[in-house]
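Student: I've got this one open on my screen. Can we go through how its labels are justified?

Tutor: Sure, let's take them one by one.

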Amino acid sequence: MLVIWAARIAFVGILAFALRKGEEPERMVAAILIATILLDLANHALFGSPAFFAIDPGHLVIDSWALAALLWVALRANRAWPLWACSGQVIVILAHLAKMIDLSLVRYGYFAMSQLPIAIQSAALLLGTTAHLQRTDRIGRYHAWRLT
């Protein structure tokens, strides 16, 4: 239980760090991750918690939206780290697809594929925000978005 709470506290700290110190791409990714949590809470409040072995359409919709939003940021930001955050979300979507194909994957694979990518996304956000601050100190302000 301590590990779960430590991970949650670290996640909230990373989000606060990105919102406070990051520029628009960092803030947008943090906002997307916060929105997925809030949408998940609303999904469970409205529809309850389905059995773990059942496919939850609410989670699929929320995670698909998060993938589209993270992909938009990853393709337009003048940074490489959003691609890592987006790749974590791709793993989550693949978990939903694997669950649709074969429910015997539910036991360990689905949990790992749907719950652990937040660690990848958190690490990418933390390292990306830190790299942004170091780059800003080194070269000054720069464009947050690609100019194409």
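Student: What makes the crossing of α1 and α6 left-handed?

Tutor: This is a predicted model, and in it the crossing of α1 and α6 is left-handed. The label applies because the near helix is turned anticlockwise from the far one by less than a right angle. The axes of α1 (residues 2–21) and α6 (residues 117–139) cross at roughly 35° and come within 10 Å.

Student: Which residues of α1 make the contact?

Tutor: On α1, Phe11, Ile14, Leu15, Phe17, Ala18 and Lys21. They meet residues of α6 including Leu125, Leu126, Thr129 and His132. By class, the contact has 9 nonpolar, 4 polar and 1 charged residues.

Student: How do you know that the length of α1 agrees with what its 20 residues should span?

Tutor: At 1.5 Å a residue, α1 should span 28 Å, and its end C-alpha atoms are 28 Å apart, so the two agree.

Student: Why do we say that the buried residues of α1 line one face?

Tutor: The buried ones are Phe11, Ile14, Leu15 and Ala18. Looking down the axis of α1, they fall within an arc of 100°, so they line one face of the helix. That fits the general rule: an α-helix has 3.6 residues a turn, so residues three or four places apart point the same way. The buried residues of α1 pack against α2 (24–47) and α6. On the other side of α1, Leu2, Ile9, Val12 and Arg20 are exposed.

Student: And Glu23, in the loop between α1 and α2: why does Glu23 count as buried?

Tutor: Its relative accessibility is 14%, and buried means under 20%, so Glu23 counts as buried. Beyond its neighbours within four places in sequence, Glu23 is in contact with Arg79, His132, Arg141, Tyr142 and Ala144.

Terms used
Residues are numbered from 1 along each chain as its sequence is written. This is a predicted model: local features need pLDDT of at least 70, side-chain atom pairs count only at pLDDT 80 or more; totals for chains, interfaces and linings use all residues. Side-chain values use heavy atoms; hydrogens and water are left out. Axes are lines fitted to C-alpha atoms, for helices over the stretch in contact, and angles run from 0 to 180 degrees between N-to-C directions. Helices (H or I, at least four residues) and strands (E, at least two) are DSSP runs, numbered from the N terminus. Contact means heavy atoms within 4.5 Å. Ala, Val, Leu, Ile, Met, Phe, Trp, Tyr, Cys and Pro count as nonpolar, Asp, Glu, Lys and Arg as charged, and the others, Gly among them, as polar. The expected span of a helix is 1.5 Å times one less than its number of residues. Buried means under 20% relative accessible area, exposed over 50%, partly exposed in between (1.4 Å probe, protein chains only). The arc is that of the directions from the helix axis to the C-beta atoms.
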